[in-house]
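Please look over the strands, charge pairs and backbone details of this model. A short report follows the view.

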Amino acid sequence: MLRNLLYACLTVLLFSCSTDSESTQEDPPQSQDPAADETAPVISLSGLPDLLEVLTEINISITDASEDVTTTISLDNQELYQGNEKQISLNINPFDFDAGTKTLRISATDDSGNTEDETSEFELRKLLLKFPKALRGTETALASVYLAINDLDGKLITYQEIETNDEAVFYADDEFEEQNFTFTVYTIAKEPQSFQFISSRTEISPGTTIPDPNEVTEGCTERSGGIGTTVISLDIASNFRPQLRSYHAVLTTTNGMGPFNLNYHAEEEPFYFIYSFPLFLTPPDQYEYFLLEDLDQTNFNLSDFQKPVTTQRFTVPAADWLNLVVHGYRSEEDYTCNKFHEILDVLAVEDQTGGELDAPEFDFFPVYSKEIILNYSGGRQYTIRQKGLGRDIADPDVDMLKSGEMVNFTGKYQQAEFLLEDAEMLPSGTLNFFSWRFRAPEKETRAIPFFNFEFPEEVSQELESKAIAYDPRTAAIDSYFCFITAYETEPSYTDLFLNPVLSENERGDFLKLSLDLSL
């Protein structure tokens, strides 16, 4: 009995010890870390268009609490970027990829292993050029219009015949290697007309849009031309030259041959400058002028003229002959818009050049410009324009020389222009006219572009059918010239053709040299 009792007590004691031992060996409960990062980075993408066709900058912003975020950017599995920046800018050049639908992938992973992925699809094409309002005023009933792109060696790349005034767009295929090119507009007359105008501009960069000149505003009011709404009768012989934005008449004789008509625009300010001056340079005391301010007066005679009170003197270089034109402007705004009154237009032969010249000056014209043409033997001619009267005209500092089929240039200039023009009267009485202008940026040596230049097949056939010879090496051409122009403000070559209505005066003083390439 006692044994049984002791046994029972021992069993209870062992059981109790076993339970305590097991309870002390259990793992303590896991506590949760309130600072653990479970938030993935936020990706923001901007600048990616639905259609990417030019060099485009895209911007990626990564937002995350972590300082260490690794971002990978790829385009169609081609890695574009990998790094730890949170503000990323990338340039995507369409010429680095095949055209088509593209997938841009952005993956950002922070140092806690949280990852965010973003995918964007877009269309990629390789834009060469856009040409809004492609007909540019040409009536398709009168002429066919072709637009073409050639490489810089003259090889034809692609062309389009233009039949509507919609925007013309040129894209490159995947085989095209990114390069500058020559863009040409062909205007080929349809029978019975016979005129052919070709205008080329070289060294154009892919992705260029050439604006319609009619949609580029310059902030200046245009005159509509020389035909006015009111006519004034002059009792003396006059020759009114209705140039765009001009407000003057020129009396070429005073022998009483009138009356002649002076047209003006009633909506314009009634202020016209009229002058009389012999053709060749003579002392200024033979110069006479009068102002037309009273539009109610309809008849004038020599007693209305008077002599200028003051003149400005300046020197000019010596030349075989020169032509001097002076313009007056009633304000700086008129000067910017080239709304001028012609004050003087005279010729001087060799023994009258290379010295001092006098030009009349008037209080009612606070701004002046003068333009002088200096002609030299060997087919070389300089045109120099300056603002103001009193400044001397220095010897030109640019030149060019033809050497075989090349032209070598010296001095700084912004644009060269090669010109071919020829006219022939057909037996039908129609004038068969051909003109090709080729513009190019500054370069020390340039090949004459009219050789080895490939035309669209339709254009070649049309020129051949009209028996138009345009190779100056084998045909007599009426005009075969090269011009270079240097502007005081040094506008870029691109600015010159992207701003086609930019006033010459806004480009500052300029010097233009022409060389007769046929000599």
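Ser46 has Asn59 as its bridge partner in E3. Strand E1 (residues 42-46) pairs with E3 over five bridges, in the antiparallel sense. Two strands count as paired if DSSP finds at least two bridges between them. Helices (H or I, at least four residues) and strands (E, at least two) are DSSP runs, numbered from the N terminus. E3 also runs antiparallel to strand E6 (residues 87-92), and six bridges join them. There, Ile60 is matched with Ile88 in E6.

This is a predicted model: local features need pLDDT of at least 70, side-chain atom pairs count only at pLDDT 80 or more, and totals for chains, interfaces and linings use all residues. Residues are numbered from 1 along each chain as its sequence is written, and side-chain values use heavy atoms, with hydrogens and water left out.

**The five-stranded sheet**

Five strands form an open sheet with mixed pairing, in the order E2-E8-E7-E4-E5. Strands E2 (51-52) and E5 (78-83) stand at the edges; each has a single partner strand, so one side of each is left without a neighbour in the sheet. Strands of a sheet pair through backbone hydrogen bonds, either parallel or antiparallel. Strand E7 (residues 100-110) and strand E8 (residues 115-124) run antiparallel, joined by ten bridges. Ala108 has Glu116 as its bridge partner in E8.

Gln82 sits in edge strand E5. Its relative accessibility is 52%, so Gln82 counts as exposed. The classes are: buried under 20% relative accessible area, exposed over 50%, partly exposed in between (1.4 Å probe, protein chains only). Gln82 and Thr72 are ten residues apart in sequence, and their C-alpha atoms are 4.4 Å apart in space.

**Salt bridges**

How many salt bridges does the structure hold? There are 16. The criterion is a side-chain nitrogen of Lys or Arg within 4 Å of a carboxyl oxygen of Asp or Glu. Three of the pairs are tabulated here.

| Pair | N to O distance |
|---|---|
| Lys130 and Glu53 | 2.7 Å |
| Arg380 and Asp399 | 2.8 Å |
| Arg437 and Glu421 | 3.8 Å |

Take the pair of Lys130 and Glu53, which meet in a salt bridge. Lys130 lies in strand E9 (residues 126-131) and Glu53 in the loop between E2 and strand E3 (56-63), so the pair ties together parts that are 77 residues apart in sequence. Both Lys130 and Glu53 are buried.

Next come Asp399 and Arg380, also joined by a salt bridge. Asp399 is in strand E27 (residues 399-403) and Arg380 in strand E26 (residues 380-387), so their link spans parts 19 residues apart in sequence. Asp399 counts as partly exposed because its relative accessibility is 29%. Arg380 counts as buried at 18%.

The side chains of Arg437 and Glu421 form the third tabulated salt bridge. Arg437 belongs to strand E30 (residues 431-441) and Glu421 to strand E29 (residues 415-425), so the pair ties together parts that are 16 residues apart in sequence. Arg437 counts as partly exposed, at 28% relative accessibility. Arg437 and Glu421 also belong to a salt-bridge network with Glu417 and Arg439.

**A negative patch**

Which residues gather in a patch of negative charge on the surface? They are Glu161, Glu163, Glu457 and Glu458. Patch members have over 30% relative accessible area and no salt bridge, and like charges are joined within 9 Å. Asp and Glu count as negative; the place of a charge is CD for Glu. Accessible areas come from the Shrake-Rupley method with a 1.4 Å probe. Glu457 lies in helix H3 (residues 457-465). With a relative accessible area of 53%, Glu457 is exposed.

**Backbone details**

Glu191 and Pro192 are joined by a cis peptide bond, with omega about 5°. Pro192 is in the loop between strand E13 (181-189) and strand E14 (195-204).

Asn77 is not a glycine, yet its phi is positive, about 70°. Asn77 lies in the loop between strand E4 (69-75) and E5. Asn77 is exposed, with a relative accessible area of 69%.

Asn452 also has a positive phi, near 60°. The loop between strand E31 (445-447) and H3 holds Asn452. At 64% relative accessibility, Asn452 counts as exposed.

Note on methods. Patch = residues over 30% accessible without salt bridge, like charges linked within 9 Å, V, L, I, M, F, W, Y side chains within 5 Å.
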